[in-house]
Amino acid sequence: MSTVMQEMHTDIGLVNTIVARSSLSFINGEKGILEYVGYGIDDLARQSTFEETTYLLWNRRLPSRVELAEFNTLIRSNYDLSETLWDMIVSLPRDASPMHALRTLTSALALEDPAADDPSIEANTRKSIVMLAKMPALIAGFDRHRKGLDLIRPNVEATIAENFLYMLTGKKPTERMSRAMDICLILHADHGFNASTFASLVTISTLSDIYSAVTTAIGTLKGPLHGGANQGVMYMLQEIESIDAVEEYVLNKFANKERIMGFGHRVYKSNDPRATYLKTFAEGIAQDTGNIDLFNKSQRIEEVMDREVGSKGIYPNVDFYSATTYFSLGIDLDLFTPLFAMSRVSGWTAHCMEYLAENRLIRPRCDYVGPHEQEYVSISQR
Ligand code: ACO
């Protein structure tokens, strides 16, 4: 073995490896702290908006009133899609999964951008605005197409959260619904080097373009161990017949060595602060919309999980209560993960732009454990 290889260590799953520096989000997994650029997630969820949070992540400071107004105008002027893209949405198979549709349509945004490969910070900021602003139309448009409904053009007077709900349902959402949506977007906007963000960095570090990086990230987010878990939570809640059936359901899962979706986290070994915040919110919105049974079932799962595996540091993660919140908002289960992407695009692009400023190709090694010096036998003799 070479000296270089001897100095290396194997770290399956990169559990103990710090890959790069970042000044975007800080996570303390033991104490359950999450900050974006030093601002506590609770303060942001209570007082900020998704647009302002995105400005914070991209500029690493909060905007002035004028800057925020200009930023909002810029985003809204990018809400609408080209005719080609609207046509592309209605050409997709109706039974396709929304995450596959979103990945394909996000990738297609690059086709109409003559500067798709321009790596400058100005071009990447503009492209990030394009993706942030248009994702609601891509998701809502595909959902209406698959249901055989007319597609709805965006409302440029509305925030990203309001505009999404409007394009999805054709109705102006109530203030409480828009606020719930906005809070979910803030809470999901960034989270260190999670799997999808890391995947986007691998792509951007090759000096590929930011559309490709976000497309990579969407494909990574969709897995059930990552963003796909919120959908899994809802399937589980629907599968459990009543609050009395919770305990048996959870214990059966353990007996079959299956995981409970929406629990556990690579970094948090105490409460995920996003879940703590969402829990209160989910309860209110479930109460308002006649879904309190769902919330009560969730709370019972949490109690059983705490008793069974709390000592191992397995607590509810952000996906657990976002599922009840989205369901109470009347959103289809398989749109939960696309909604996660609609928010996380702000973090993905922020990290890509930050990483590019001091880019180094991400190229780890593998620990080869296969055979050596095998004798090649010609195919006629095998
Ligand atoms: N249900 C039951 N047991 C669990 C769960 C769970 N949800 N999560 C972890 N464990 C157990 C494992 O079985 C393992 O037990 P063991 O040591 O006895 O074998 C132990 O906890 C450690 O689990 P790992 O998989 O090694 O932990 P890791 O850090 O790799 O995994 C992960 C983190 C993937 C999130 C895991 O907790 C999980 O699968 N959770 C369910 C899916 C989920 O909710 N994902 C969303 C994460 S948040 C997000 O992406 C936004």
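Modeller: Ala, Val, Leu, Ile, Met, Phe, Trp, Tyr, Cys and Pro count here as nonpolar, Asp, Glu, Lys and Arg as charged, and the others, Gly among them, as polar. With that division we can read the surroundings of the ligand, bearing in mind that the model is predicted.

Biologist: How many residues of the shell around the ligand are nonpolar, polar and charged?

Modeller: Ten residues of the shell are nonpolar, five are polar and four are charged.

Biologist: Which of the 19 residues around the ligand come nearest?

Modeller: A residue belongs to these surroundings if one of its heavy atoms lies within 4 Å of the ligand. The nearest of the 19 are His-226, Arg-259, Ile-260, Gly-262 and Phe-263.

Biologist: Where does the ligand sit?

Modeller: The largest pocket holds the ligand.

Biologist: I should next like to learn how to read polar atoms beside the ligand. Which atom of Ile-260 lies 2.7 Å from a nitrogen atom of the ligand?

Modeller: The general idea is to look for pairs of N or O atoms within 3.5 Å. For Ile-260, the partner of the ligand nitrogen is a backbone N or O atom, at 2.7 Å. Two side chains also take part: a polar atom of Arg-266 lies 2.8 Å from a ligand oxygen, and a polar atom of the Asn-317 side chain lies 2.9 Å from an oxygen of the ligand. As for the area of the ligand, it exposes 920 Å² when taken alone, and the protein buries 70% of that.

Biologist: Let us turn to Gly-262, which is among the nearest residues. Is Gly-262 buried or exposed?

Modeller: A residue is called buried when its relative accessible area is under 20%. Gly-262 has a value of 2%, so it is buried. This glycine belongs to the loop between α13 (246-255) and α14 (273-288). Its C-alpha atom is 18 Å from that of Leu-34, and 228 residues separate the two in sequence.

Biologist: What are the contacts of a buried residue in a helix? Where is Arg-146 found?

Modeller: Arg-146 is part of helix α7, which covers residues 121-146. Its relative accessible area is 17%, and because this is under the limit of 20% the residue counts as buried. The Arg-146 side chain has a polar contact of 2.8 Å with the side chain of Asp-143. Another polar contact, of 2.7 Å, links the Arg-146 side chain to that of Asp-334.

Biologist: Which side chain makes a polar contact of 2.9 Å with the side chain of Thr-197?

Modeller: That side chain belongs to Asn-194. The side chain of Asn-194 also reaches the backbone oxygen of His-191, at 3.1 Å. Asn-194 is placed in the loop between α9 and α10 and, with a relative accessible area of 11%, is buried.

Biologist: What is the relative accessible area of His-188?

Modeller: For His-188 the value is 1%, so this residue is buried. His-188 lies in the loop between α9 (175-187) and α10 (195-204). Its C-alpha atom is separated by 12 Å from that of Glu-35, 153 residues away along the chain.

Biologist: How should one read the backbone angle phi? What is the value of phi of Leu-14?

Modeller: Most residues other than glycine have a negative phi. Leu-14, however, has a positive phi, near 50°. Leu-14 stands in the loop between α1 (3-7) and β1 (25-28). Arg-60 also has a positive phi, near 55°, and is found in the loop between α3 (50-59) and α4 (65-76).

Biologist: Is Arg-60 buried or exposed, or in between?

Modeller: Values from 20% to 50% fall in between and are called partly exposed. Arg-60 has a relative accessible area of 40%, so it is partly exposed. Leu-14, at 38%, is likewise partly exposed.

Biologist: In which helix is Ser-212 found?

Modeller: Ser-212 is in helix α11, residues 210-221. Its relative accessible area is 27%, and therefore Ser-212 is partly exposed. Its C-alpha atom is 8.2 Å from that of Ala-110, although the two residues are 102 apart in sequence.

Definitions and conventions
Residues numbered from 1 in each chain as written. Predicted model: local features only at pLDDT ≥ 70, side-chain atom pairs only at ≥ 80, totals over all residues. Heavy atoms only, no water. Helix = DSSP H or I, 4+ residues; strand = E, 2+ residues; numbered from the N terminus. Buried < 20%, exposed > 50% of the residue type's maximum accessible area, 1.4 Å probe, protein only. Polar contact = N/O pair within 3.5 Å; in protein donor to acceptor, adjacent residues only side chain to side chain. Areas by Shrake-Rupley, 256 points an atom, 1.4 Å probe, with all protein chains shown as cover. 1 Å grid on protein atoms, 1.4 Å probe; cavity = no way out; pocket = protein on both sides within 12 Å on 5 of 7 lines; lining within 4 Å. Sits in = over half its atoms within 2 Å of the grid points.
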